[in-house]
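Me: Let's go through this one with short questions and short answers. Put the ground rules up front, please.

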Amino acid sequence: MQDTSLRALTARFRARFGAEPRLFSAPGRVNLIGEHTDYNDGFVLPMAIDSRTYVAAAARSDRRFRVHSEEMNELIDFDLDAPPHARRGLWGDYVEGTARSLDKRNMPVSGADLWIRSDIPPGAGLSSSAALEVAVGYALVRLRDPSEPDRRKLALAAQAAEHEYVGTLCGIMDQFIVALATRDHALSIDCRSLETRPIPLRLGSLRIVICDTTVRHALATSEYNARRAECQKGVTVLSRLDPNIRSLRDVSEELLNRGEPLLQRETFRRCRHVVREIERTVSAVSALESGNFNAFGELMRASHASLRDDYEVSCRELDVAVETAASVPGVFGARMTGGGFGGSAIALVEEASIPFLLERLELHSRKEFGIVPKFLTVSQPSNGVCEHALED
Ligand code: GLA
């Protein structure tokens, strides 16, 4: 967002709440590879994008919150000393959930007035929820204590808010990348040890094109939680073969094949996706580090096929986007990104091929589904949650 829009945001805050705000923001993300591996203790490789959620915030002397969302044109309020609101299934759940989760986890917050504005399309699989949680959480913690907070603790509190208040049993990837991203780097996250390693992304003349299908399937949350349960079922059965197995991270393909007769067909395929995707993610980091984009693109293709056929979290609109992208010269690889059931696909592509790619994607989406997709082009990864200094 331009400096002038940021100034306009703070002006609206002043007019509404009559106080001088500080300004914070957190990015959306795409996951380059490592899908549905985070809650299986595996590896993921996300990066932050330029679209961000902005929070103008001023502390209050009590424990009340007044929160305005510009996109929803709606004001909610709550009091940390009063019982929590019942889940409303709305944006406000993320805000109230985060405030309560921080307070509960020894990152004390006081009341605040907040004005929220976001460039991240909701439901596009670009982590608009994690951006909202982490931007609000960072703002609240910094209003109380000017020193830099523990970003991992903040991310974990935001994830807990999602489990406890929103009802999605998400892994740690989204909150971690939003909190810990560094400019020009993707982030390799070991979701078991929570160790992170920034991986420089030297794209040269390549770009990442995000194609938001604009399709949002209602079953995303229930199917997400169902996949998670299915993986757990696989672990329970496979641990009969090896009692040391704690998660699918501990399962080799060889062990999985030995366990095949014990597993229901569907559970086997779910586990196979996870076991292979963890391996692909490790290989993808090496490919990126050695600048081997052909190999990286190949891994993206394999990841998508596995999400479509074994894990069954893709949908026709995403498959068509990925197939279309794959047929365009100059595209190294393409896949769905995020939880699935709608949302976005990404393609790694030569900059010069982008106009043709967008034309093809739009044509096929219109023809097959009567839908016009939305596009974002990323040339470099963005930074994580931060405070903005506004010069007068
Ligand atoms: C959603 C979740 C993440 C992760 C992805 C799938 O984005 O929030 O934790 O599981 O789906 O990789």
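Reply: Buried means under 20% relative accessible area, exposed means over 50%, and partly exposed is in between, using a 1.4 Å probe and the protein chains only. This is a predicted model, so to speak of a local feature I need pLDDT of at least 70, and side-chain atom pairs count only at pLDDT 80 or more, while totals for chains, interfaces and linings use all residues. Numbering starts from 1 along each chain as its sequence is written, and side-chain values use heavy atoms, with hydrogens and water left out.

Me: How many residues of helix H5 are buried?

Reply: Helices here are DSSP runs of H or I with at least four residues, strands are runs of E with at least two, and both are numbered from the N terminus. H5 covers residues 173–180, and its buried residues include Met173, Asp174 and Leu180. The helix is largely enclosed by the rest of the structure, because the buried count is 8 of the 8 residues.

Me: Phe176 sits in H5; what separates its C-alpha atom from that of Pro46?

Reply: Phe176 counts as buried because its relative accessible area is 0%. Pro46 is 130 residues apart from Phe176 along the chain. Even so, their C-alpha atoms are separated by 9.4 Å.

Me: In what order do the strands of the open sheet run?

Reply: Two strands pair if DSSP finds at least two bridges between them. The sheet has 6 strands with mixed pairing, and its edge strands, S5 (74–79) and S13 (386–388), each pair on one side only. Neighbouring strands are turned by 25° against each other on average, direction ignored (axes are lines fitted to C-alpha atoms, for helices over the stretch in contact, and angles run from 0 to 180 degrees between N-to-C directions). The order is S5-S4-S6-S3-S1-S13.

Me: Which residue is the bridge partner of Asn31 in S3?

Reply: Strand S1 (residues 22–31) and S3 run antiparallel to each other, paired over 9 bridges. Arg22 of that pairing has Ala57 as its partner in S3. For Asn31, the partner is Pro46.

Me: How many residues of S3 are buried?

Reply: S3 spans residues 46–59 and is joined to S6 by 7 bridges, with the two strands antiparallel. Along that pairing, Thr53 stands opposite Ser118, and Ala59 has Ala112 as its partner. S3 is largely enclosed by the rest of the structure, because its buried count is 12 of the 14 residues.

Me: What residue in S6 does Arg66 have as its bridge partner?

Reply: S6 (residues 112–118) is mostly covered, with 6 of its 7 residues buried. Strand S4 (residues 64–69) runs parallel to S6 and is joined to it by 5 bridges. Within S6, the partner of Arg66 is Asp113.

Me: Which residue's side chain has a polar atom 2.9 Å from the backbone oxygen of Asn31?

Reply: A polar contact is a pair of N or O atoms within 3.5 Å; within protein, one must be able to donate a hydrogen and the other to accept it, and residues adjacent in sequence count only if both atoms are side-chain atoms. The residue in question lies in strand S10 (residues 331–337). It counts as buried because its relative accessibility is 1%. That residue is Thr337.

Me: How much of the ligand's accessible area does the protein cover?

Reply: Residues count as near the ligand if one of their heavy atoms lies within 4 Å of it, and those around it include Arg29, His36, Cys170 and Met173. Oxygen atoms of the ligand lie 2.6 Å from a polar side-chain atom of Glu35, 2.6 Å from an N or O atom in the side chain of Tyr224 and 3.5 Å from a polar backbone atom of Gly339. Accessible areas come from the Shrake-Rupley method with a 1.4 Å probe, and for residues only the protein chains shown count as cover. On its own the ligand has 310 Å², and the share that the protein covers is 91%.

Me: What phi does Asp41 have?

Reply: Most residues other than glycine have a negative phi. Asp41 is in the loop between S1 and strand S2 (43–44), and it is partly exposed because its relative accessible area is 21%. Its phi is positive, at about 65°.

Me: And is Ser127 buried or exposed?

Reply: Ser127 lies in the loop between S6 and helix H3 (128–144). Its phi is also positive, near 65°. With a relative accessible area of 8%, Ser127 is buried.
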